[in-house]
Amino acid sequence: MSHPLRVLVVGCGNMGASHARAYHRMPEFEIVGLVSRGAASRGALSTELGGLPEFSQYEQALAATRPDVVSINTYPETHGPYARAAIDAGCHVFCEKPLAVSVEEAEAIVHAARARRRKLVIGYILRVHPAWTRFIEIARTLGRPLVMRMNLNQQSHGRAWDWHRNLMASMSPIVDCGVHYVDVMCQMTGARPIRVSAIGARLTDDLQPGMYNYGQLQVTFEDGSVGWYEAGWGPMMSEVAFFVKDVIGPRGCVSIVKDPNDATATGSDDIDSHTKTNCLRLHHSALDANNEFVKADEFISTEDEPDHQALCDREQAYLLRAITDDLDLTAHMQDAVNSLRIVLAADESYRTGRVVTL
């Protein structure tokens with residue numbers, strides 16, 4: 001490149017700040033503006049990164065800075081309109097998940113990116129995580145069908161509870177977080193999802209009318225594989241079994257477990273724990289003539305895995321490569337739409353009490 005890519009960072013909360021730090025570290029990017037409705041978070045990030053132009057209005061910032069790339073890290077209901085405006089302005093886009101609040105809106109954004117020949121990368125952080133990549137690879141060796149069991153419950157309080165309530169102004173936990181883990185399930189089985197159902201509960205009145213802060217979705221795939229994902233947010237959530245990542249197949253199972261040699265432990269409010277794998281435990285189901293296991297369980301260390309900031313750095317390195325090497329992102333974008341379709345079907349199932357056929 002003859003000059004760095006000019007980046008407008010929209011949203012200065014946890015994810016926006018992490019992505020801004022990633023751009024700041026990379027000479028191939030130049031941050032030309034920070035956009036946030038909150039002056040305090042915007043100002044603190046600007047000071048941390050050496051003083052950057054600040055804006056409170058997205059449209060004003062987009063017109064004033066004329067960026068090459070827009071990085072969208074705001075609340076979900078703004079993702080679609082902001083991404084579409086950026087693409088219409090000729091910008092490449094990084095957008096935190098989910099891409100939109102409806103399948104139709106997501107498909108329209110993907111169509112616009114293709115039509116304008118702009119790169120659109122969606123923030124599926126587990127896709128750049130080497131240990132999660134290994135987890136998926138091992139799951140694919142277990143035969144079919146697969147049984148995929150996953151959850152991420154968060155006992156939130158203080159600022160985290162404010163953040164979760166703001167997220168739930170537009171979508172439930174099984175939609176907002178579920179896209180990550182449904183995407184993982186789709187990669188593991190490689191089969192078409194055909195049916196979705198869900199249960200849920202509203203455990204507090206401190207929410208928008210009709211919103212619920214606990215849910216579990218169940219998805220059935222064409223090859224007979226099944227998976228469930230559970231997510232709950234709030235001060236009432238249990239710290240027992242808040243992190244389950246477990247896959248079973250005819251040949252055995254693989255699970256993300258605590259390393260038996262690791263004496264540290266963190267709670268559900270630790271954001272690094274949401275991606276941290278600690279250790280993979282691989283169990284082989286093969287039996288001998290006496291119905292005893294032929295192989296002992298294997299513990300696969302992932303002690304060198306990247307932390308949350310390093311993962312954000314990897315996401316932006318992928319964005320850079322997509323732009324400079326003109327990567328074909330067709331599958332990446334379609335997978336994002338597909339996982340959104342599944343979790344929105346789960347939300348529909350909860351609200352109607354019916355199984356949704358895809």
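**Exercise 1. Which elements do the buried residues of helix 5 pack against?**

Before we start: this is a predicted model, where local features need pLDDT of at least 70, side-chain atom pairs count only at pLDDT 80 or more, and totals for chains, interfaces and linings use all residues. Residues are numbered from 1 along each chain as its sequence is written, and side-chain values use heavy atoms, leaving out hydrogens and water.

*Step 1.* Find the helix: helix 5 covers residues 103–116 (helices are DSSP runs of H or I with at least four residues, strands are E runs of at least two, numbered from the N terminus).

*Step 2.* Pick its buried residues (under 20% relative accessible area, 1.4 Å probe, protein chains only): Val103, Ala106, Ile109, Val110, Ala112 and Ala113.

*Step 3.* Look for their contacts (heavy atoms within 4.5 Å). The buried residues pack against helix 4 (76–88), strand 6 (120–123) and helix 11 (330–352).

**Exercise 2. Work out how strand 6 sits in its sheet.**

*Step 1.* Write down the strand order: the open sheet of 6 strands runs 3-2-1-4-5-6, with parallel pairing (two strands pair if DSSP finds at least two bridges between them). Strand 3 (54–55) and strand 6 are the edge strands, each pairing on one side only.

*Step 2.* Check the neighbour: strand 5 (residues 92–96) pairs with strand 6 in the parallel sense over 4 bridges. Glycine 123 of strand 6 is the bridge partner of glutamate 96.

*Step 3.* Inspect both faces of strand 6: Leu120 and Ile122 are buried on one side, Val121 and Gly123 on the other.

Conventions:
Buried means under 20% relative accessible area, exposed over 50%, partly exposed in between (1.4 Å probe, protein chains only).
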